[in-house]
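Me: I am new to this structure and would like a close look at a single part of it. Please take one buried charged residue and its surroundings, then work outward from there.

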Amino acid sequence: MKNSTMLEMKGVRKSFGTVVALDDVNLQLKSSEIHGLLGGNGAGKTTLMNVLYGLYKPDRGEIYLREKKVEIQSPKDAISCGIGMVHQHFLQIDSYTVTENIVLGTRLKNRPTLDLDQEEQRIQDLSERFGLEVSPSSLVEELPMGIRQRVEILKAVYRGVDVLILDEPTTNLTPQEVESLFQSLRVMVEEGMSVVFITHKLREVLSVSDRISVLRDGRNVITLPRDEASEEVLVRAMVGEGLDVGKSLVFSDTGLDQEALQVGQEPVLRVEGLQVVNEEGNPLVKDCSFQIREKEIFGVAGVAGNGQQELAESLMGIRPIAGGQASIDDTSIVGLETRELLEMGVTYIPEDRLQDGFLPTANVAQNLILGYQRQEPYHNRGFLDWNAIFRAARELITEYNIMTPSAKEPAANLSGGNIQRVMLARAFSHPAKLLVAHNPTRGLDIGSMEFVYSKLLERKEQGMATLLLSEDLDELMLLCDRIATIYRGQFAGVLERGEFDKYQIGRMMSGVETHE
Amino acid sequence: MSEQTTELGHSIKALADTLIPYILAVVAAFAAVGIFFAAVGFDVLQAYSTILFTSFRTPNGFVQTLLKYVPLLLQALAFTVPLTAGKFNIGGEGQLIVGAIGAAAVGIMFSGLPMLLLLPMVILAGIVFGGFWAAIPAWLLYRFGINEILTTVMMNFISFSLIDYVATEIWRDPTAGHPTTVPIGAGGEFPLLVAKPPLNSGIVLALAAAVIVYVYVNRTPGGYDLVATGANARASRVFGINVRVMFLLSLIVGGALAGLSGAIEVAGVHHRLIEGLQSNFLLLGIIIGLMARGNLLAVPFVAFFIAVLEVGASAMQRTMMIPVEFVFIVEALILLFVLLSDVVRRR
C-alpha cells in the first residue's frame, strides 16, 4: 500500500481569457505522503488544486485516482472521490457550533429531530485520533484562527477523504500552532491519507513534506524527495535564474550587513499610553507605548485582528485616539486629520488595498496621487496639472514595474499584484519621515518582495522611520530593529534585534507569555 | 515622439470604444420600435424623419429644441454631479420647483426694480432656493446617515404642495384657469438672444454651468476629491478626503443647478410661476445622466440628442397622430441597450 500512487494529474492546462494559468502540468501524489506544492504568488498552485477539487474546469488534462480515470465537475464529485480541500479563507457559519458546521451538508442519522449526539461523538473520536483538539459543542465565532482551521480539517476528515488539500494553511497561525498542525498531518499520513500542502514558505515545506513539487509561471519545474531538496535548489526552481539568491534579501538568514543595522537616536514617533476604542467604547488598543527613532524599522507582530489595524489607523488619523499621547517630532498628532498628517510627512500602506487604498473606476495616474492631490507638483494655482501628474505617473509605472498599457487605463483592469505596486509606488514616492506599512508584501511574488524590502531599507538608510505591521514573522525578523508583539490590543513585549526568537514571539502572539 | 503617438492612438481607440456601443444602442432601439410601428401600420420612415429632423427643418423647431435643452441639461447635471461622488439625487424636480418659487417670489415682490438689479436677484434666488431644498436631505445624510435616495424623492412631494399653495393662495392670478401666479416684474425677465422665434438667454447660463462643472470636476483638487469619493469612499477617507462633506456639497450643488433651471423656466420661458412647469425633466435628466454613464463631458451632447427626440415626438403626435409615448419607449430602449453593452463588453 505504501508508496503506491494515490492520485495523478496529467497534462493539465487552464487558461482565463488570454492568460494561461496552467500549462501542461503533471502532479503525482503517493499514498501516505505529505506533498509540498511550492511556488510564488501567481505560479498556479491554487489554480491547480481548484481544478482537482472541481472548482475550475480544465481546458485539457486528466485526473486518475488509484490509477482509474475520474471526472471531477464539482466539489461534490471531489468529495465523493475522497478529495477534500481546506481553503485559505474558511467557509464557516459563525453562529453554528463546531459539530453543526462539520455535519452541514452531510446525511444525518436523526434528520427530523436534529439530534447530533452520534455525530458529535464521531467528531470527538476523530479529533482525538488526529490530535486536532477542539470542543465540538463550542460556537465557531468564539474560536481563534488556529482552532477554526482544525474545524475545517475535521470537516474533510469527517467526510472520509483520502486526499486532503491545504491551501496556505499556516498564514494566520502562530509558530506553535504550525507545529501542532504538522504533527496532526503526520498522524493522518501514517493512517494512509495523502496530503497536499500548498505554500510559498520554503522552510515550512522543507520541515514537513515527504516530496516537494515546484511550480513557476503555471508550469512544472521539478519534483524532488525531501532528502534531495535543499533551500538553494528550491529557490532557484521558484524564482528562475533572474534572481541572485546569494545576494537576495528574502532568503538571507543572517539578515543585513552592519551598515544597515545602524539606528539613529532622535525619536520620530513617540506614543505614550495610546488607547483606541470601538463604537461601543470597548478598547481595541490598550495602553500602547513605544518610540520609533530615526533610521529605525519598528515591527509589530501578531495574529491578524489583535488591534494592528486599529493601531495603524489611529496613527493615520482615520480612527480617533481615545486616550494617551502621540507625537511626531514633538508635535502632538492627537486629533489631527489624515490630510494634516499626510502633509506632515506621514504615509500609509493599508492592509486591505482594495477597500482602503484603491479607486477602481479612476485611472492609474489618479490612483497614484491619492492623498497628494493638493501637493506640488500636481497642484498649481488652484488647478491640477495633469501634464505633471501623467509625467510622474509614467515614471512610477516604469520604476515600480506596474503592468499597465497606459497611465490613463482604468485601475480596475490591474491585477492584484499590480494594485499592490500602485500602493507601494504611492507610499514610497512621496518623501515621508514616517511610513506606516501594514502587510506591504501581501500578494507579491518573490521578486517584488525583494523590491519592497530594498525600498524599506533604503528609507532606513536615508534616516526615516518605519512602522511595519506584518503577519510574516520571517519578514519582521529580517527587517526590523525591534519587534513588538501585539495580543488583544496590548503589547505583550518588545524584543531588540539579537534577541529575536520565533517561538518566544509565537508564545507572546497567543498570549501565553509577556516580556518586559 | 513615439510615446505621444501611442498615447494619441490610445485616446482614439478609447473614443471609438465609447462611441460604438452608443451608436449600436441607438440603431437597435430605433429598429425595435420601427418593427412595432410597421406592425401597427404607421409609416415608419416618415415617423422617424419627423422625430429626427423636426428640430433642424425650421428656425422655430430649432428654438423649441434649445428651450427644451436648457432644463434637460441642468436636470442631467443636477443628477450627475452628486453621482460623481457616488450619491443619487432623485430630487431634481422638487429642487427645480422650489428654485422656481424662489425666483418668482423675488420677481413679484421686487417687481419695480430695474433689470440690472432684479435679474441677478431672480437667478440667485433660484440657485439658493434649489440648493436649500437639496441641503435638507444632504444634511440628514451628513448628520444621521439617512439614505439620500428616499429623502430627495420625498422632498419632491413636499414641493408639489408648496407650489400649489404659492400659485393658488399667495400670488394667484385670478384670470388664469390653471394654478398660476401673477407675472414677475419686467426687469426680472431674461433678455432675448433671438427675437423671432423668441429664444431667451437662459441657454447661455446653462452652458456656462456645464462648462464650469466640467472644469471644476476634472481640473481642480476639489473635483479630484469628488471623483475619488465616488470611486471608493472608504479609500478616499483613509487618504485624507472628508467624504461626508463631499456628499453634502455634491448634493447641494446638484440642487443649486436644478434651482437654476427653475429660475430660467420662470424668468426666461413663462415669466410667471405655473404649476406643472417641471414637466418630466427629472426622469429625462436621470436617463441622460445614466446614458452618459456619469461622464460630464458627454452629458451636454446626450442632453441635446434627447431634446431633439422630445421636440420630434411632439411634432410626430401633432402631424401623424402617433402618441409621444412611443418616443419614451425609444429613449428607454436606448438606455437599456447602452447598459446592456456594458454587460456584453465584460464577457
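Reply: Contact here means heavy atoms within 4.5 Å. The model is a predicted one.

The part chosen is E265(B), which is placed in helix α10 of chain B. Leaving aside residues up to four places away in sequence, E265(B) touches P71(B), H270(B), H271(B), L277(B) and F281(B). E265(B) is buried, yet it has no salt bridge. The nearest side chain of opposite charge belongs to K68(B), 8.4 Å away. A salt bridge needs a side-chain nitrogen of Lys or Arg within 4 Å of a carboxyl oxygen of Asp or Glu, so the 8.4 Å to K68(B) does not qualify.

Next comes the loop that follows the helix. Q278(B) is in the loop between α10 (243-270) and α11 (281-291) of chain B. With a relative accessible area of 13%, Q278(B) is buried, because buried means under 20%. Not counting residues up to four places away in sequence, Q278(B) touches E93(B), L96(B), I97(B) and F160(B). Of these, E93(B) is 185 residues from Q278(B) along the chain, while the C-alpha atoms of the two are separated by 6.2 Å.

One more residue can be placed by its number. The ring of F247(B) has the charged end of K87(B) sitting over it, 4.5 Å from the ring centre. In chain A there is a contact of this kind too: the charged end of K10(A) sits over the ring of Y64(A), 4.6 Å from its centre.

Rings also pair with rings. Over all chains, the structure holds 20 aromatic pairs. One of them joins F56(B) and F62(B), whose ring centres are 6.2 Å apart; their planes are at 45 degrees, so this pair is tilted. F56(B) counts as partly exposed, at 46% relative accessibility. F62(B) is likewise partly exposed, at 34% relative accessibility. Another pair, between Y69(B) and F304(B), is edge-to-face, with 5.6 Å from centre to centre and 80 degrees between the planes. This pair links distant parts of the chain, since Y69(B) lies in helix α3 (residues 59-84) of chain B and F304(B) in helix α12 (residues 299-320) of chain B, 235 residues apart. Y69(B) is buried at 7% relative accessibility, whereas F304(B) is partly exposed at 24%. Elsewhere in chain B, F30(B), F36(B), F37(B), F42(B), Y48(B) and F326(B) form one aromatic cluster.

The wider setting is the division of chain B. Domain 1 of chain B covers 1-42 + 323-347, and domain 2 covers 58-321. The C-alpha centres of these two domains of chain B lie 27 Å apart. Their contact takes 15 residues from domain 1 of chain B and 16 residues from domain 2 of chain B.

Chain A has its own helix α10, which should not be confused with the one in chain B. Helix α10 of chain A spans residues 308-315 and is mostly covered, with seven of its eight residues buried. The buried residues of α10(A) are Q308(A), E310(A), L311(A), A312(A), E313(A), S314(A) and L315(A). After α10(A) comes G317(A), whose phi is positive, near 75 degrees.

To return to the starting point, E265(B) is a buried residue without a salt bridge, and its contacts include P71(B) and F281(B).

Note on methods:
Residues numbered from 1 in each chain as written. Chains lettered and ligands numbered in written order. Predicted model: local features only at pLDDT ≥ 70, side-chain atom pairs only at ≥ 80, totals over all residues. Heavy atoms only, no water. Phe/Tyr/Trp six-rings, centres within 6.5 Å; stacked < 30°, edge-to-face > 60°. Buried < 20%, exposed > 50% of the residue type's maximum accessible area, 1.4 Å probe, protein only. Helix = DSSP H or I, 4+ residues; strand = E, 2+ residues; numbered from the N terminus. Lys NZ or Arg CZ within 6 Å of the ring centre and 35° of its normal. Lys, Arg positive; Asp, Glu negative; His and termini not counted. Domains from an automatic or database assignment.
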